[in-house]
Amino acid sequence: MAEPTGQDDFSVLTLSIPPLPSLPIPATHSVYLRRNAKIITKDDTRSLFLVNVPTDSTEAHFRAVFTSLVGAGKFEAITFEQEAKAAKTSHEPGQAVRLAALGKRKREEQEAQNKKDEAAAQLPAIWSRPLRRSGSTAVVLLADEKSVDLVLKAVKKTQKSKKFPVWGEGVADKVPALGSQWLKVHNKLCYPGNDAMQDMVDAYFTVYNRKEVEAAQLAKAMQNMPDEDGFVTVTRGGRTAPARQEEAEEAKRKMLERQQKKKDETQNFYRFQLREKKKAEQAQFLRRFEEDKSKLRAMRDKRRKIQPDT
């Protein structure tokens, strides 16, 4: 693999690959790493971006590598490139419209049920252990920002001492085996039973029907939704949801922003009423207080004018 562009920003983590039956000689593999440049969340400040991870990489492998570099307790998790792409769930504009009308508790229950249905509708995994694309990337999450500095320093030390971490050392019993055993398990997983397949088909159509209802609800909601100039587009019959996913997402975002703005304005109006009511009550209290002070002053003056009989 070619070295990454701007390689001066990367540190080189050299891994020692022990001899294998398919390659009975020792070898090395270079992984390029640096601080995560995309600071979007607070966790990004304590993460490392890796390039050219080995094709047989697993979390157990990198946990062992980082433990050998900086000790236990520093490594938290790793997200590989294909896993990060799979984690980006498909957008469902209609679902946000439908769930917005529910209470918080029911909305959470419905979201949990939807996730459960979608998980049941997915095809089963047919590989006991995935292989990574050659030259793929990953993001390692460490315990804190100090751990990032410790790892980068430890990587530089290994380059000087030439004592590289051994890839796969101590993880053989923690991950499924590759080779012929891996292919045998794959062949078995490719043929699930009829009952399992029927359950997945039923779950798939449950999710499909729900999304169709949500799309129709989104189309109905958008029919009466004015645009930025205050005009409502008049349509005649049929399903009028946006044709493209990007248009649907943009329409959903604008609609939710309008709903939130209207809600905020209503809440602010009520707050204004409460503030005015409190001001009126305070003014009335001060007025009564001044009246009581005037009455008390008049009573004292009247008492002074009364002279006792001598």
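**Exercise 1. Contacts of Val53**

Find which residues Val53 is in contact with in this predicted model, leaving aside its neighbours within four places in sequence.

*Solution.*
Step 1. Locate Val53. This residue is in the loop between β3 and α1.
Step 2. List the partners. Val53 is in contact with His29, Val31, Phe62, Phe80, Ser136 and Ala138.
Step 3. Take one partner, His29. The C-alpha atoms of Val53 and His29 are separated by 8.7 Å. Along the chain the two residues are 24 residues apart.
Step 4. Check the cover. Val53 has a relative accessible area of 1%. Buried means under 20%, so Val53 is buried.

**Exercise 2. His61 in its helix**

Decide whether His61 is buried or exposed, and name the residues it touches beyond four places in sequence.

*Solution.*
Step 1. Place the residue. His61 sits in helix α1, which covers residues 59-70.
Step 2. Read the accessibility. His61 has 5% relative accessibility, so it counts as buried.
Step 3. List the contacts. His61 touches Asp56, Arg129, Trp167, Gly168, Val171 and Val175.

**Exercise 3. Two positive phi values**

Compare the settings of Asn52 and Lys162, each with a positive phi.

*Solution.*
Step 1. Recall the background. Most residues other than glycine have a negative phi.
Step 2. Read the angles. Phi of Asn52 is near 70 degrees. Phi of Lys162 is about 65 degrees.
Step 3. Place them. Asn52 is in the loop between β3 (47-51) and α1. Lys162 lies in the loop between α5 (145-161) and α6 (180-189).
Step 4. Check exposure. Asn52 has a relative accessible area of 9% and is buried. Lys162 has 55% and is exposed.

**Exercise 4. Two surface patches**

Identify the residues in the patch of positive charge and in the nonpolar patch.

*Solution.*
Step 1. Start with charge. Lys293, Arg297, Arg300 and Arg303 gather in the positive patch on the surface.
Step 2. Look at Lys293. Its place is in helix α8, residues 245-305. Lys293 has a relative accessible area of 35%, so it is partly exposed.
Step 3. Turn to the nonpolar patch. Ile126, Trp127, Leu183 and Leu189 form it on the surface. Together they have about 320 Å² of accessible area.
Step 4. Look at Ile126. This residue is in the loop between α4 (104-121) and β5 (137-142). At 33% relative accessibility, Ile126 is partly exposed.
Step 5. Test both against the cut-off. Patch residues need over 30% relative accessible area. Lys293 has 35%, and Ile126 has 33%.

Notes: Residues are numbered from 1 along each chain as its sequence is written. This is a predicted model: local features need pLDDT of at least 70, side-chain atom pairs count only at pLDDT 80 or more; totals for chains, interfaces and linings use all residues. Side-chain values use heavy atoms; hydrogens and water are left out. Patches are made of residues with over 30% relative accessible area and no salt bridge: like charges are joined within 9 Å, nonpolar side chains (Val, Leu, Ile, Met, Phe, Trp, Tyr) within 5 Å. Accessible areas come from the Shrake-Rupley method with a 1.4 Å probe; for residues, only the protein chains shown count as cover. A salt bridge is a side-chain nitrogen of Lys or Arg within 4 Å of a carboxyl oxygen of Asp or Glu. Lys and Arg count as positive and Asp and Glu as negative; His and the chain ends are not counted. The place of a charge is taken as NZ of Lys, CZ of Arg, CG of Asp or CD of Glu. Helices (H or I, at least four residues) and strands (E, at least two) are DSSP runs, numbered from the N terminus. Buried means under 20% relative accessible area, exposed over 50%, partly exposed in between (1.4 Å probe, protein chains only). Contact means heavy atoms within 4.5 Å.
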